[in-house]
Each structure stands twice: as structure tokens, then as C-alpha cells.
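Please work through the exercises below with the sequence and the structure open beside you. Try each task before reading the solution that follows.

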Amino acid sequence: MWLPSQKNTTNYQKARQKKPIFPRFRLWTFPIIIDGPFGVVSAAELIGILLFAAYVLWAISAYAVETNKLIYKSLLSSLEKSCLMLDIMGLRFGSIGLFCLAFLFLPVARGSMLLRLIDIPFEHAARYHIWLGHLTMVIFTVHGLCYVISWTLQGRLIREMLEWRDIGVANFAGVISLFSGLLMWVTSLHPVRKHYFELFFYTHQLYVVFVVFLALHVGDFIFSMAAGPIFLFLLDRFLRFCQSRTSVDIMSARCLPCGTVELVLSKPPNMKYNALSFVFLQVRELSWLQWHPFSVSSSPLDGKHHLSILIKVLGEWTRKLRDHIANFSEQPLKGLQFQPRAQITASVEGPYGHESAYHLMYENLVLVSGGIGISPFLAILSDILHRIKANTPCLPKNVLIIWAVKKTEELTLLSAVDVESICPSYSDKLNLNIQTYVTQESEPPLEDGIAIPSKTMGGSSFTMSKGNCMSNLVGTGNIFWSGSYLVISTLGFVVFWGSMEVFYIRPYSISSWWYQGLLFVVCMVSSVLIFGGLVILLWHHWENRNLICDEFTGENANSDSLQQKEENVSFSPFQTNVAFPEIRKYGCRPDFKAIFNSVAECWGHVDVGVMLCGPPSLQASVARECRSQNLKGRWNQPIFHFNSHSFDL
């Protein structure tokens, strides 16, 4: 059983007597559904799902009743009534699908100001995109099937499917749009996405075909029902494209003995991000198309000029990255000095994540991770230690880290946080405890005080003195420039479409629905490229000017901070940082019921932030225990707030 130190417990109780805090439930952090098709669902998410489902069911039933009344009064044959019913319901399903489509593109706008304003990070928003994607494609599929069945009954299936009307919907354009949507949907299903990620990634680029031919299918007026969120997605996509054009040199790279790669990237000093942020990384030497998300393992307070990520070697792409770094580390140092840009370059999107420092909302934290899931929590721990050292406001007072790994050598990742250099006297203000569980080893790899020898005692690495830093266009970004980009691009679209109506469509009597839909899309894209591009150009110029002002200081800081990082971080396969109070167990998994009962007994009636980063099975176990503890309803029971930092693309 875990117990906090007596000294810190006494200080914490005194502090709470001075300033009473009343814990309360929060809908966003109270897990309701654990084992279901949606994964772990909070109370707020469940309310949203029910409201959305209620609208869809109400719309379908209302349309069906209205259509049935209309057809019942008509003097048509039974076959004609069935075909008319299918045609009308197909139309109704199409309108409902457009409503769902309007929400589908909002969650995938990673750097969207909307997501930042409501403080929903992308790893949460990605789940909503998956849910909405399934619902949207089911509705659009039913929409298409209604017409296919109706046309088949009437014996004109092929003729109708190939028809392209000027007035009314263009059927063939709808067939192309639906077919591309079905390809994206089938390849995004979990079994396909898990085993054939590249197939999922490449076919998902068909969203361009899907959107363009949807506009051709329904015309400008109907397409405008879903155009707003699509326009926001275009803004975000173009901004990410501009950011990713910057080639970022990797300042430092090392292959660790535990099968993990550490990369240190150069960043501008004014880049803002939080300890729970993540970036999308593309290594051009490996692939020009593949982007992979990784959590940031360094705190913003670790240094103004660098950002670190830890990458677990699991798939083909990560194996290529490890081999690439190992090959460069074997080159002579002289060659590395004279040709730094020929080593390894990357493109980066982000950082993304919570707009606010989410881990600073709680005095009591329980951080649960599995394997490489410890990465964001290393950033949290470093951030808290830096704040304690600088005497800046830092709410966390009790931190319990629960970490499950397969092998002992993975525990060396804890050494990435050097307590002695950050804040050696942290124990006066922070009650920190770490429980580690080595699940696939029954006993420690030490016998009679002698370490078992290993062939992987060292690691491959190379270091550069400086590098081209990341662009600051996306992520938390700059509110002024982000707002200007959104407003000016929107005004540009209004100007373009208004001019198109006044000077082209009306004077030349353009009446074709599909052509007006195409012009609508062209105006959307043109406003983003021209008006948005102008703002990005000015934004980029402003960013470069600020970097030039700090160029000399930045170069020295890059070298000094990286050198300090290299000197302080020492990786050994069977040692962790001895400054941490650690409890290590072998051959077992965490017993969350016993752990949470112990936390409840020690901390009392308080808010406890439970943050998790790990596989779905671990998420379910922790969420289930949080729900169980919260439903006990004892007056002296803590309220556990479940927060997942895991996401699946």
C-alpha cells in the first residue's frame, strides 16, 4: 500500500485548513460508459451523443411520418408509392447527412481557434471525428441505397446513376463522392487502420474528391449548409501546410537501450506550448507523406530553444528512424560538423494540446501510464519542479505516478528528468511518489548486488550545435495573427463570392447547379490561398524579425541548453534516478482498487486529477475504478477526475 510522507501530509492538511476547497463533480471528467463502442465516455460526452442521436432519430421519424401521410393520400400504384417513398426518404437522409457533415470537419482542424477557445485538445477531438465519421457515412450510404433501390425497381438504375443534370442534382457526381467516402470509411475501420495504417492514411486524402464532387452534386446553395466547417478546415490545412514547409534540423538524436528514440528539436523562444502538448512529425529521409503524432517529453520551462520527444520503436517507420540515427551516429564526427544539414531533417506540425496548463488545475495528481505513455508525464513532472524552483504559482502538492512497463530497461526513461539539477529540494513543497510495475519479469535483474551484463549498455546518438527552428504558425500560436488569418480569409471569401455573383453568374445567366457549386469551392480555396496567404506571409515575416533580434542569444542558448541536457541525462539499462521515491514491483500489474482506496484514505475529501496515457485496456481499468470510487458517495471520499491523454489516429 502506498502512503505519503508524514511531513508532507501534515503540511498539506495545514494548508487546507487555511483555505477550504470544496471538491465537486465535473461532467467532462466523470466517466459514465467504459465498455462500449465509443470507448471511455464522460458524462458531458454522453449528453452530447444522446442529443445528437435524438436529433437524428427525430428527424428520420418526422420525415418518415410526413412522407407517409403525403403518399397515402395520392392515387398511385403500390410500386409507384414505394419508389416515391424511397426517393423522398433518400432526399431526407441526404439533408441529415449534410448536417452531420457540418460537424465532421470541425474536430480535425488541429490548430483551429474554435477548438482552442473551448479548450478541447486534438486527441479528444479526434474521437469525435471518428464517431461523426461513422454516423455520417451510415446516413449517406442509406441516402444512396434509397435511390439505388428506387431506380432498380423502376428499371432505370444505370441511366440515373450516370445522369448529370444542369438544373437539379448531378447524380454521377454524387456517385463519385459517395464512392470516395466509402473508400475512406472502410479503410478507417479499426482492424484496417491498425494493420494497414499507410492504406488508411493515403485513402483518407480522398476527402478532396469527396468534398468537391459533393459540391458538384448538390450545387452551391445546398452545399453552403456544410461549407462553414469545411472552410475552417481549409484554413487550418493551409496553415499547417505552410508551417510544415519549414525544414527543421534535429539538434540531437539518440537511440536508447530500452528501444526508444529521443529527438531534440530546435524551436523559437516565443513558441507557447504546455506539458501535455504533442507534435506531428515527418522525417523526409524516411517518407515525404507519412506524419506521426508524438507527445512532448520536455517542459516549456526546460529551455526556450529546444523541445524533446520520445519515440517508441514499434512499427516499420520507427524502425527506419532508429536505423537512420544509428547509421549517422557511426559516421566520424568531422563529417557531422562539416555537413550538418545532410544528417537528418524533419517537418513539424504543432505543438497542439490544451490551451491552458491542464495539469495545474489540481492540487492532487495521479498520473497513470503504460510503456512510452510516461513521456507526457515526464514533461508534467519537469514543469512542476521548475515552478517549485522558481517559486512561481504551482497548484500540485501531491503527485503519484503509476507506471507499468514490460521490461526493467524501460525504467531508464525516468532519468530524462534530472531532479538534482532542476530542484533538489523539491520534497519540501511536493509530495512525490512513484510506483513502477514490471509486468514481464518476475524478479529484478540484480543478483547479490551485481548487475546482469547487457549488450545494450550504450546507445547510438549524434548532436548538432544548432539547427533551423520550428515555425510558430500553428499550435497555441499568436491570438492576433490567428484571428487576423480567420477574419481576413472569411472577408476574402465574401468578396470573391459576391463579385462572382455580380460580375459573372448573373450577367451570364449561369444556372447550372453543379457549375455554381464548383465556383463556390473555387472561391473558398482562392480566399484561403490569396487573402489567407497574405496574412501568413506577413505573420512569417514578423516571426523571422523576432528571431533575428534574438539570433545571437538564441544560438548560445541552443548550444548551452543542449550541452546541459546531454551532460545531465545519463541512461543506464538498470538504474533510474535515485532522487525519486520509487516503489518497484515485478511480475504483476497495478491493483487500481487498492491504490485508489489508499489515495482516498490518505488525501480525504479533495479533487484528484487522474491523468492517463496508455493502451485502451489501461484506460478502461482506470476509468472503471474512477467511476466506482466516485459512486460510493462517502462524505470523506475524494472525487477522481478522469482525463485521458491517449488518442488513436
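## Exercises on a predicted model

The lining of the second largest cavity is made up of four nonpolar residues, five polar residues and one charged residue. The model is a predicted one, and the exercises start from this cavity.

**Exercise 1. Find which residues line the second largest cavity, and which elements give two or more of them.**

Step 1. The count of cavities of 30 Å³ or more comes to two, and the second largest cavity has a volume of about 60 Å³.

Step 2. The residues that line this second largest cavity are Glu123, His124, Leu276, His354, Tyr358, Phe377, Met611, Asn643, Ser644 and His645.

Step 3. When the lining of the second largest cavity is sorted by element, those that give two or more residues are α5 and β17, the latter spanning 639–644.

**Exercise 2. Describe the second largest pocket by its volume, its lining and the element that gives the most to that lining.**

Step 1. The space in the second largest pocket comes to about 830 Å³, and the pocket has 33 lining residues, with His143, Gly144, Tyr147, Gly174 and His217 lying nearest its centre.

Step 2. Two or more residues of this lining come from each of the elements α3 (78–104), α5 (122–154), α6 (157–161), α7 (171–188) and α10 (207–244).

Step 3. Of the elements that contribute to the second largest pocket, α5 gives the most, with nine residues.

Step 4. Sorted by class, the lining of the second largest pocket holds 19 nonpolar, nine polar and five charged residues.

**Exercise 3. Identify the residues that make the nonpolar surface patch, and explain why Leu79 meets the accessibility cut-off for a patch.**

Step 1. The patch covers about 360 Å² and is made by Leu79, Leu145, Ile149 and Leu153.

Step 2. Helix α5 gives the most to the nonpolar patch, with three residues, while Leu79 is placed in helix α3.

Step 3. A residue of a patch needs over 30% relative accessible area, and Leu79 meets this cut-off because its relative accessible area is 46%, which makes it partly exposed.

**Exercise 4. Work out where the two partners of the salt bridge between Arg624 and Asp35 lie, and how each is classed by accessibility.**

Step 1. The search of the whole structure finds 13 salt bridges, and in the one between Arg624 and Asp35 the closest N and O atoms are 2.7 Å apart.

Step 2. This pair links distant parts of the chain, since Arg624 lies in helix α19 (residues 616–630) and Asp35 lies in the loop between β1 (31–33) and β2 (41–42), the two being 589 residues apart.

Step 3. Arg624 has a relative accessible area of 33% and is partly exposed, whereas Asp35, at 61%, counts as exposed.

**Exercise 5. Decide whether Asp236 and Arg240 are buried or exposed, and do likewise for Glu316 and Lys320.**

Step 1. Asp236 and Arg240 form a salt bridge through their side chains, at 2.8 Å from N to O, and both lie in helix α10, four residues apart, about one turn of the helix.

Step 2. Because buried means under 20% relative accessible area, Asp236 counts as buried at 4%, and Arg240 is buried at 5%.

Step 3. Glu316 and Lys320 also meet in a salt bridge, at 3.4 Å from N to O, and both lie in helix α11 (residues 316–329), four residues apart, about one turn of the helix.

Step 4. Here Glu316 is partly exposed, with a relative accessible area of 46%, and Lys320 counts as partly exposed at 41%.

**Exercise 6. Locate the cis peptide bond, and place Asn391 and Ser509, which have a positive phi.**

Step 1. Most residues other than glycine have a negative phi, and most peptide bonds are trans.

Step 2. The peptide bond from Gly350 to Pro351 is cis, with omega near 5°, and Pro351 is placed in strand β8 (residues 345–352).

Step 3. Asn391 has a phi near 60°, is placed in the loop between α13 (375–390) and β10 (398–405), and counts as exposed at 59% relative accessibility.

Step 4. Ser509 has a phi of about 55°, is placed in the loop between α15 (479–505) and α16 (513–549), and is exposed with a relative accessible area of 59%.

Definitions and conventions:
Residues numbered from 1 in each chain as written. Predicted model: local features only at pLDDT ≥ 70, side-chain atom pairs only at ≥ 80, totals over all residues. Heavy atoms only, no water. 1 Å grid on protein atoms, 1.4 Å probe; cavity = no way out; pocket = protein on both sides within 12 Å on 5 of 7 lines; lining within 4 Å. Points joined across faces, edges and corners; volume = space filled by probe spheres on them. Nonpolar A, V, L, I, M, F, W, Y, C, P; charged D, E, K, R; others polar. Patch = residues over 30% accessible without salt bridge, like charges linked within 9 Å, V, L, I, M, F, W, Y side chains within 5 Å. Areas by Shrake-Rupley, 256 points an atom, 1.4 Å probe, with all protein chains shown as cover. Salt bridge = Lys/Arg side-chain N within 4 Å of Asp/Glu carboxyl O. Buried < 20%, exposed > 50% of the residue type's maximum accessible area, 1.4 Å probe, protein only.
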